[in-house]
Amino acid sequence: MKQKLEEIRARAEAQLRGVSTLEALEALRVQLLGKKGELTALLKSMGSLSKEERPKMGQLVNETRKALEELLAEKTQALKEEAQRREIEGTPLFDLSMPANVTRGSYHPITLVQRECERVFKSMGFTVEDYAEVVSDYECFESLNIPKAHPARDMQDTYYLENGQLLKTQTSAAQNAIYKKYRDALVNDGVPIKAIFPGRCFRNEATDACHENTFFQMEGVMVDKDISISNLIYFMKTMLSEVFRRDIKVRLRPGFFPFVEPGFELDISCLICGGEGCPSCKHSGWLELCPCGMIHPVVLKEGGIDPEKYTGFAFGLGLTRLAMMKYGVKDIRDLNSGNLKSLSQFTDDE
């Protein structure tokens, strides 16, 4: 049996030198070490040996197996390195003599508007936060004073996932996490919570010139002692005048949102039609831009903030609609169309 082991090892070494592909190497491994391989067959024949011979032969078989496994591993590594080398050598190098592509790329209009809003709010002391697109029911609804079976849920046709989570329908889903992140600084050091958190939102609804199932918002919150609606109006008017670089006609009307009380709709005069009425503004002359209001005490409490001591405002700025107004995009569907011809007119004006 010892002689057979030596023969198997010598023959394996010779065969390995001739193997040139990983597929052939795997076939050789099965031939040698597989369930029906040569070494396995040799192990099964050890029953014919005496009790004194079995331990010695078992040790020799294990040593042979280990040696073959090392040889196979070395060959595997060598074949992989050779395949990688061939792939690199076969890849054409960049030809510096080729004429330059003079077509310039550009940032998406929503990206431009988002950066502009971030710049404005940063100048007013707000931090910029990021948040997940897949959230829990608690984050998107329950923490925002929208319990299960609340009729306000019918206002948002939601994409639910099989694991119970959902695609966030509003950037407000980040509010609870923001409050918990900064509450210690607010309570212990008296530092106001001032944050904006832009993001992509999803709703399962029919699309038209002013509605999409995928759109961008920017949530903003400020929490401190003695915050009032006056603070909300100041920050929103400052932001709009900076973004549009001119006076913008706005109106504030009552609106219902469970996570604010009182709640408002901030509308701007449609800049596409000049307030005369068009499909983008549903022929009303006004475009709903910013749901807002004073943060509901229940929402503050869920975030670990005492509503008896602190108040705050929150707003949900529609970045997609803001981009439409700023750049005169008449159909919201153009923004997600991937139409390069349509998007090529935009350049970074920062």
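Me: At what angle do helix α8 and helix α10 pack, and is that parallel, perpendicular or oblique?
Reply: In this predicted model, helix α8 (residues 229–244) and helix α10 (residues 319–327) have axes 11 Å apart and pack at an angle of about 45 degrees. Angles under 35 degrees count as roughly parallel and those from 65 to 115 as roughly perpendicular. The two helices, α8 and α10, are therefore oblique to each other.

Me: How do the residues of the contact of α8 with α10 divide into nonpolar, polar and charged?
Reply: On the side of α8 the contact is made by L240, V243 and F244, and on the side of α10 by L322, M325 and K326. These residues divide into five nonpolar, no polar and one charged.

Me: Which strands stand at the edges of the open sheet, each with a single partner strand?
Reply: The sheet has seven strands with mixed pairing, in the order β1-β4-β5-β9-β8-β7-β6. One side of each edge strand is left without a neighbour in the sheet, because each has a single partner strand, and the strands concerned are β1 (127–128) and β6 (250–254).

Me: Which residue forms a salt bridge with R119, and is that residue buried or partly exposed?
Reply: The closest N and O atoms of R119 and E242 are 3.6 Å apart in their salt bridge, and the pair links distant parts of the chain, with R119 in helix α5 and E242 in helix α8, 123 residues apart. Buried would mean under 20% relative accessible area. With a relative accessible area of 36%, the partner is partly exposed, and that partner is E242.

Key: Residues are numbered from 1 along each chain as its sequence is written. This is a predicted model: local features need pLDDT of at least 70, side-chain atom pairs count only at pLDDT 80 or more; totals for chains, interfaces and linings use all residues. Side-chain values use heavy atoms; hydrogens and water are left out. Two strands pair if DSSP finds at least two bridges between them. Helices (H or I, at least four residues) and strands (E, at least two) are DSSP runs, numbered from the N terminus. Axes are lines fitted to C-alpha atoms, for helices over the stretch in contact, and angles run from 0 to 180 degrees between N-to-C directions. Angles under 35 degrees count as roughly parallel, over 145 as roughly antiparallel, 65 to 115 as roughly perpendicular and the rest as oblique. Contact means heavy atoms within 4.5 Å. Ala, Val, Leu, Ile, Met, Phe, Trp, Tyr, Cys and Pro count as nonpolar, Asp, Glu, Lys and Arg as charged, and the others, Gly among them, as polar. A salt bridge is a side-chain nitrogen of Lys or Arg within 4 Å of a carboxyl oxygen of Asp or Glu. Buried means under 20% relative accessible area, exposed over 50%, partly exposed in between (1.4 Å probe, protein chains only).
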